Amino acid sequence: MAKLLAAAYTDANSNNKFDGKDTLIAGLYDTDKSKDLSIGDTVTFGTYPHLDGSAAGKFQHVEKAVTDFTITSEPTFDSVSVTVDGGRVDWTITPTSESFSTINTEPLTAGFESNFIDFLDNSTPDHIRVNAKTDPGHPDTAPILEDADPTDVTHVGDNGFLDIFIA
Ligand SMILES: [Ca+2]
Ligand SMILES: [Ca+2]
Ligand SMILES: [Ca+2]
Ligand SMILES: [Ca+2]
């Protein structure tokens with residue numbers, strides 16, 4: 001099994017670790033076994049959640065090869081961004097948020113295909129956006145627009161609908 005380099009997942013068993021009980025949103029795997037992120041690695045798409053962590057839909061593309069990438073590793077911004085056919089996929093951790101995005105880069109339809117943000121500091125309500133783009137992940141649902149209720153005490157801090165792992 002190729003090494004996992006980054007993952008966005010729903011932490012179904014609430015242990016803050018990606019394991020067999022969890023649901024993969026999208027993972028980045030060291031397919032060429034170079035031991036680091038390189039051209040030739042692979043994005044594996046999975047399913048995406050609602051804000052309450054329940055299943056919302058599925059990315060219809062299963063895998064995409066990495067054709068370019070950017071790694072940013074700073075104390076306040078830890079991010080992996082890869083280019084695949086039809087767009088870009090980003091995993092990001094900051095001291096105040098975790099986020100995952102799939103971004104369509106076709107000239108006529110450019111923009112977020114999906115965007116999931118878990119704010120850890122309660123500065124902004126957690127939110128999910130899924131749009132009807134067909135790349136890079138190809139969501140199988142109608143567009144989704146969910147914002148956590150700022151008064152909902154179950155939606156403060158680090159929530160399990162989205163956790164980000166960066167190796
Ligand atoms: Ca887990
Ligand atoms: Ca590699
Ligand atoms: Ca949160
Ligand atoms: Ca989280």
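**Exercise 1. The nonpolar core**

Work out which residues of the largest nonpolar core touch the most other members, and which strands supply the core.

*Solution.* Keep in mind that you're working with a predicted model.

Step 1: Start with the core itself. The largest nonpolar core holds 30 residues, and the ones touching the most other members are A8, A26, L28, V43, V82 and F100.

Step 2: Now look for the strands behind it. At least two core residues come from each of strand 1 (4–10), strand 2 (23–29), strand 3 (42–45), strand 8 (77–84), strand 9 (87–94) and strand 12 (127–130). Strand 1 gives the largest share, with 5 residues.

Step 3: Zoom in on A8. Skip its neighbours within four places in sequence, and you'll find A8 in contact with I25, A26, W91, F100, F116, L162 and I164.

**Exercise 2. The chain as a whole**

Describe the secondary structure of the chain, then decide how compact the chain is for its length.

*Solution.* Step 1: Count the elements. You get 0 helices and 14 strands, so to speak a run of β after β from the N terminus on.

Step 2: Check the compactness. The radius of gyration is 15 Å, close to the 15 Å that the globule rule gives for 167 residues, so the chain is as compact as a globular protein of that length.

Step 3: Add the dimensions. Along its principal axes, the C-alpha trace spans about 45 × 35 × 30 Å.

Step 4: Look at burial and contacts. Buried residues make up 34% of the 167 residues. Take the contacts with a separation of 6 or more: 44% of them are between residues 24 or more positions apart.

**Exercise 3. The sheet of 7 strands**

Find the strand order in the open sheet of 7 strands and name its edge strands.

*Solution.* Step 1: Here's a reminder before you trace the sheet: strands pair through backbone hydrogen bonds, either parallel or antiparallel.

Step 2: Read off the order. This open sheet runs 7-8-9-10-11-12-13, and the pairing is antiparallel. Its edges are strand 7 (68–74) and strand 13 (144–147), each of which pairs on one side only.

Step 3: Add the twist. Ignoring direction, neighbouring strands here are turned by 10 degrees against each other on average.

**Exercise 4. Strand 10 and its partners**

Explain how strand 10 pairs with strand 9 and strand 11, and whether strand 10 is enclosed or open to the outside.

*Solution.* Step 1: Take strand 9. Strand 9 and strand 10 pair in the antiparallel sense over 8 bridges, and they form a hairpin with 2 residues between them. One of the bridges matches I93 with E98 in strand 10.

Step 2: Turn to strand 11. Strand 10 (residues 97–104) and strand 11 (residues 111–119) are antiparallel too, joined by 8 bridges. This hairpin has 6 residues between its strands. Among the bridge partners, F100 goes with F116 and I103 with F112.

Step 3: Now the surroundings. In strand 10, 6 of the 8 residues are buried, so the strand is largely enclosed by the rest of the structure.

**Exercise 5. The sheet of 5 strands**

Which strands make up the open sheet of 5 strands, and in what order?

*Solution.* Step 1: The order is 6-3-2-1-14, with antiparallel pairing. At the edges, strand 6 (63–65) and strand 14 (163–166) each pair on one side only. From one strand to the next, the twist averages 10 degrees.

Step 2: Pick one pair. Strand 1 and strand 2 run antiparallel and are joined by 6 bridges. In one of these, L4 is matched with Y29 in strand 2.

**Exercise 6. Unusual backbone spots**

Find where the cis peptide bond from D135 to P136 sits, and say how exposed K33 and H138 are.

*Solution.* Step 1: Recall the usual picture: most residues other than glycine have a negative phi, and most peptide bonds are trans.

Step 2: The bond from D135 to P136 is cis, with omega near 5 degrees. P136 is in the loop between strand 12 and strand 13.

Step 3: H138 is in that loop between strand 12 and strand 13 as well. H138 isn't a glycine, yet its phi is positive, at about 65 degrees. With 17 C-beta neighbours inside 10 Å, H138 counts as partly exposed.

Step 4: K33 isn't a glycine either, and has a positive phi of about 55 degrees. You'll find K33 in the loop between strand 2 and strand 3. There are 11 other C-beta atoms within 10 Å, so K33 is exposed, given that 12 or fewer is the cut-off.

Note on methods
Residues numbered from 1 in each chain as written. Chains lettered and ligands numbered in written order. Predicted model: local features only at pLDDT ≥ 70, side-chain atom pairs only at ≥ 80, totals over all residues. Pairing = 2+ DSSP bridges. Helix = DSSP H or I, 4+ residues; strand = E, 2+ residues; numbered from the N terminus. Axes fitted to C-alpha atoms, helices over the stretch in contact; angles between N-to-C directions. Rg over C-alpha atoms; globule rule 2.2 N^0.38 Å. Buried ≥ 20, exposed ≤ 12 C-beta atoms within 10 Å, placed from the backbone. Contact = placed C-beta atoms within 7 Å. Core = buried A, V, L, I, M, F, W, Y, C linked by C-beta atoms within 7 Å.
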